[in-house]
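Reader: I am new to this structure and should be grateful for a close look at a single part of it. Please choose one element, describe it in detail, and set it within the rest of the chain.

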Amino acid sequence: MNIFVAYESRGGKTKKAAEIVADSLRRKGNEVSVSPISEAATSEVQKAELVILGSWVEGFILFGVGPAKAAIRWAEGLPMLDKKSVAVFCTYGFNPKNSAEVLASILKTKGAKVLTTQTMRRSDITKAAEDFAQSLS
């Protein structure tokens with residue numbers, strides 16, 4: 001399967017999670033490309049059978065908590081996805097609230113078929129990313 005993983009990372013944890021997810025999916029025989037959203041080409045999204053979007057959670061504990069604004073803008077700027085399979089993960093330090101669901105909702109408005117969403121505590125990123133990849137196989 002051709003899979004594209006796009007991520008927005010501030011401190012490196014989301015990038016690490018994206019790379020772990022990609023490596024795990026490659027070990028299962030998939031062709032996987034990974035890119036920060038700032039470099040993600042629309043052509044990568046269009047040719048992928050599965051698109052995975054990862055974001056860090058921004059905000060201050062109770063106020064303004066949500067996926068990174070850059071990830072929201074990227075998702076909103078995508079072309080129609082015509083039932084393309086997508087999955088979303090968000091990395092967080094304290095409380096992710098509904099961050100993953102916010103991104104999933106945007107992708108649904110683009111016509112995507114959301115397979116799963118997951119939040120990953122930054123302190124346990126390796127296991128969480130591996131579990132997420134496992135849920136996609």
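Author: Read from start to end, the protein chain of this predicted model follows the order β-α-β-α-β-β-α-β-α-β-α. That pattern contains 5 helices and 6 strands. The part chosen here is helix α4, which comprises residues 99-109. In the order of elements, α4 stands between β5 and β6.

A few values for the whole chain provide the setting. A compact globule of 137 residues would have a radius of gyration near 14 Å, and the 13 Å found for this chain agrees with that expectation. The C-alpha trace extends over about 40 × 30 × 25 Å along its principal axes. Buried residues make up 47% of the 137. Among contacts with a separation of 6 or more, 76% join residues 24 or more positions apart. The accessible surface amounts to about 6800 Å², and carbon and sulfur atoms contribute 49% of that area. As for charge, there are 19 positive and 14 negative side chains, with the centres of the two sets 4 Å apart.

Which residues of α4 are buried? They are S99, A100, L103, A104, I106 and L107. Around the helix axis these six residues cover an arc of only 160°, and therefore they lie on the same side of α4. The other side carries K108 and T109, both of which are exposed. The helix thus has a buried side and a side with exposed residues.

The next matter is what the buried side faces. Its residues pack against four strands and one helix: β3 (50-60), β4 (63-67), β5 (85-92), β6 (113-121) and α3 (69-76). Just beyond the end of α4, G111 has a positive phi of about 90°. Before the helix, in the loop between β5 and α4, is K97. The phi of K97 is also positive, about 45°, although K97 is not a glycine. With a relative accessibility of 40%, K97 counts as partly exposed.

Three of the elements that α4 packs against can each be followed through one residue. In strand β3 the residue is G54. Is G54 buried or exposed? Its relative accessibility is 0%, so G54 counts as buried. The C-alpha atom of G54 lies 9.2 Å from that of L103, although 49 residues separate the two along the chain. L103 is one of the buried residues of α4. Leaving aside residues up to four places away in sequence, G54 touches A6, Y7, E8, T14 and F89.

In strand β5 the residue is S85. S85 has a relative accessible area of 17% and is therefore buried, since the limit is 20%. Beyond four places in sequence, S85 makes contact with E49, L50, V51, K113 and L115.

In helix α3 the residue is W74. W74 is buried as well, because its relative accessible area is 13%. Apart from residues up to four places away in sequence, W74 touches F4, A6, I37, A40, V45 and L53. From W74 to E39 the C-alpha distance is 11 Å, and these positions lie 35 residues apart in sequence terms. The loop that leads from α3 to β5 holds D82. D82 is not a glycine, yet its phi is positive, about 45°. A relative accessibility of 64% means that D82 counts as exposed.

A second helix, α5 (residues 125-135), may be set beside α4. Its buried residues are I125, A128, A129, F132 and A133. These residues span an arc of only 135° about the axis, which places them on the same side of α5. Among the elements covering them are α1 (13-27), β3, β5 and β6. Strands β3, β5 and β6 also appear among the elements that the buried residues of α4 pack against.

To return to the chosen part: α4 presents a buried side that packs against β3, β4, α3, β5 and β6, while K108 and T109 are exposed on its other side.

How values were computed
Residues numbered from 1 in each chain as written. Predicted model: local features only at pLDDT ≥ 70, side-chain atom pairs only at ≥ 80, totals over all residues. Heavy atoms only, no water. Helix = DSSP H or I, 4+ residues; strand = E, 2+ residues; numbered from the N terminus. Rg over C-alpha atoms; globule rule 2.2 N^0.38 Å. Buried < 20%, exposed > 50% of the residue type's maximum accessible area, 1.4 Å probe, protein only. Contact = heavy atoms within 4.5 Å. Areas by Shrake-Rupley, 256 points an atom, 1.4 Å probe, with all protein chains shown as cover. Lys, Arg positive; Asp, Glu negative; His and termini not counted. Charge placed at Lys NZ, Arg CZ, Asp CG, Glu CD. Arc of directions from axis to C-beta.
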